Amino acid sequence: MYLLRPALFALSAETAHELSLKALSADRRGDWFRAGWSASKRLRQDIAGVTFDHPLGMAAGFDKDARCYPALMSMGFSSVEIGTVTGHAQAGNPKPRLFRLKQDRAILNRMGFNNRGAEDAAKRLQKTRHLSKSGVLGVNIGKSKVVANEEAEADYAYSARLLAPYADYLVLNVSSPNTPGLRALQAVDRLRSIINAVRSAAEPVRDTPVPLFVKIAPDLENADIDEIAKMAREENLAGLIATNTTIRREGLKTNADIVESLGNGGLSGPMLRERSLEILKRLRSQLRDSQHLISVGGLSSPADAFERILAGASLLQLYTAFVYEGPELIQRIVEGIDEALETSPYTTLKAAVGAKA
Ligand SMILES: Cc1cc2nc3c(=O)[nH]c(=O)nc-3n(C[C@H](O)[C@H](O)[C@H](O)COP(=O)(O)O)c2cc1C
């Protein structure tokens with residue numbers, strides 16, 4: 001498929017994405033792309049009661065409406081996090097709202113949670129989830145734009161009730177820069193109350209408690225990160241996902257005037273790498289050993305991946321590097337992790353996680 005990349009890159013970023021989604025969503029069972037490789041057994045892990053064949057998953061935002069997760073799994077991702085899904089269907093921000101910064105191998109987006117809503121996603125999952133059981137499904141939920149922050153609990157709970165039955169794990173997204181006021185929900189008292197509402201909503205629709213993660217922004221102050229880590233311990237979350245996109249504009253090669261002319265939004269790609277790793281280390285030192293960190297942000301090579309594993313990430317995700325490099329990157333990273341393990345003192349992935357934290 002990525003022979004088509006030059007053609008896709010000649011189109012606007014959003015048109016290219018929409019075309020890719022259309023093509024991939026035709027593969028309802030996830031058997032078109034069957035990767036001609038399989039991950040080494042020692043990369044398998046049990047995380048919060050869920051088996052991941054290897055640590056690399058597709059981050060949220062690529063498959064917002066659960067249209068193509070089977071194809072992504074068949075390309076070799078061990079997990080796909082669908083969403084962000086909101087309680088209400090919503091159009092998102094006016095276009096254009098998605099830009100490539102090629103010189104930086106970065107993406108700027110202000111999509112604004114465009115998605116067909118929780119009811120639609122639940123219907124699609126009901127139709128398709130049983131067809132492709134080959135990967136882990138994360139479900140990332142967020143607040144609808146029309147719902148005031150004060151009413152956020154009920155909105156998250158609504159999505160959780162509909163989607164928890166299909167989720168191997170659930171993520172509360174409180175860190176997108178593109179929904180006004182959303183990141184204020186990272187304040188720990190608000191987070192606690194949303195977590196409780198979501199747990200109460202999910203409990204009656206599942207046989208087992210849903211593993212719950214919270215996804216945080218890279219732009220938080222360290223003191224706020226520490227508060228969130230403390231809350232995560234007290235609430236016994238399955239873990240945290242760090243990080244979402246950044247509103248900062250430092251460290252780019254692209255001309256500053258061009259970047260400014262693109263307007264607001266979250267940046268993703270290599271400029272996130274350092275901060276994402278720093279936050280990972282900070283969180284690892286504060287969570288319980290039984291709690292997990294999913295590291296995302298600027299990850300694009302086997303070396304990045306292994307560095308984050310040693311720093312304490314049980315799981316890894318990426319988005320932007322996949323857009324620039326295509327599906328071959330999955331195998332390269334997963335096999336690279338296995339080779340790094342081979343020459344390390346650790347015999348299993350589990351033993352390597354956090355070994356240098
Ligand atoms: C176009 C685009 C849309 C995104 N949409 C979402 C989203 O809906 N929910 C979410 O939690 N993260 C979203 N993200 C953030 C990614 O999941 C990820 O956290 C971020 O891009 C950093 O990883 P990367 O550098 O590998 O891209 C989006 C990212 C991009 C590039």
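Hi everyone. The largest cavity in this structure has a volume of about 180 Å³, and that is where I'd like to start. Before going further, please keep in mind that what we are looking at is a predicted model.

So, how many cavities of 30 Å³ or more does the structure hold? One. Thirteen residues would be a lot to read aloud, so here are the ones to click on: of the 13 residues lining the largest cavity, A13, A16, H17, R100 and V323 are the closest to its centre. If you prefer to think in elements, at least two lining residues each come from α1 (5-10), α2 (13-25) and β5 (98-101). Which of the elements gives the most to that lining? It is α2, with four residues. As for chemistry, the cavity lining has ten nonpolar, two polar and one charged residues.

Now let's move to the open spaces. The largest pocket holds about 740 Å³ of space. Its lining runs to 46 residues, and A60, G61, F62, N109 and Y319 are the ones nearest its centre. We meet α2 again here: along with β6 (106-109) and α11 (320-325), α2 gives two or more residues to the lining of the largest pocket. For those of you who like to think about probes and polarity, the lining of this pocket divides into 17 nonpolar, 20 polar and nine charged residues.

There is a second pocket to show you. The second largest pocket has about 400 Å³ of space. It is lined by 23 residues, with D53, H54, F77, S78 and S134 lying nearest its centre. On the element side, β2 (50-52) and α3 (69-74) each supply at least two residues of that lining. The class count for the second largest pocket is seven nonpolar, nine polar and seven charged.

Let's turn to helix packing, where I have three pairs for you.

The first pair is α5, residues 152-163, with α6, residues 188-202. Their axes are 8 Å apart, and the packing angle is about 35 degrees. The crossing of α5 past α6 is right-handed. On the α5 side the contact is made by A152, E153, Y156, A157, A160 and R161, and on the α6 side by R190, S193, I194, A197, V198 and A201. Sorted by class, that contact has eight nonpolar, one polar and three charged residues.

The other two pairs share a helix, α9, so rotate the view with me. Helix α7 (residues 222-234) packs against α9 at an angle of about 45 degrees, with the axes 10 Å apart. That angle makes α7 oblique to α9. This is a right-handed crossing of α7 past α9. From α7, the residues N222, I225, D226 and A229 meet R275, E278, I279, R282 and L283 in α9. The class breakdown for α7 with α9 is four nonpolar, one polar and four charged residues.

Then there is α9 itself, residues 273-284, against α10, residues 302-310: here the angle is about 20 degrees, with the axes 10 Å apart. How does α9 lie relative to α10, roughly parallel or roughly antiparallel? Roughly parallel, because the angle is about 20 degrees. Once again the crossing, α9 past α10, is right-handed. R273, S276, L277 and L280 of α9 make this contact with D304, E307 and R308 of α10. By class, this contact of α9 with α10 has two nonpolar, one polar and four charged residues.

Last topic: backbone geometry. As a reminder, most peptide bonds are trans, and most residues other than glycine have a negative phi. With that in mind, here are some spots to check on your own screens.

The peptide bond running from G83 to T84 is cis, with omega near 10 degrees. T84 sits in strand β4, residues 79-86. Another cis peptide bond joins K95 and P96, with omega of about 0 degrees. Where is P96? In the loop between β4 and β5. And finally A48, a residue other than glycine, has a positive phi, near 50 degrees. You will find A48 in the loop between β1 (45-47) and β2.

That's my tour. Thanks for listening, and I'm happy to take questions.

Terms used
Residues are numbered from 1 along each chain as its sequence is written. This is a predicted model: local features need pLDDT of at least 70, side-chain atom pairs count only at pLDDT 80 or more; totals for chains, interfaces and linings use all residues. Side-chain values use heavy atoms; hydrogens and water are left out. Axes are lines fitted to C-alpha atoms, for helices over the stretch in contact, and angles run from 0 to 180 degrees between N-to-C directions. Angles under 35 degrees count as roughly parallel, over 145 as roughly antiparallel, 65 to 115 as roughly perpendicular and the rest as oblique. A crossing is left-handed if the near helix is turned anticlockwise from the far one by less than a right angle, and right-handed if clockwise. Contact means heavy atoms within 4.5 Å. Ala, Val, Leu, Ile, Met, Phe, Trp, Tyr, Cys and Pro count as nonpolar, Asp, Glu, Lys and Arg as charged, and the others, Gly among them, as polar. On a 1 Å grid over the protein atoms alone, a cavity is a set of points where a 1.4 Å probe fits but cannot get out, and a pocket is an open set with protein on both sides within 12 Å along at least five of seven lines; lining residues have an atom within 4 Å of a point. Grid points are joined across faces, edges and corners, and a volume is the space filled by probe spheres set on the points.
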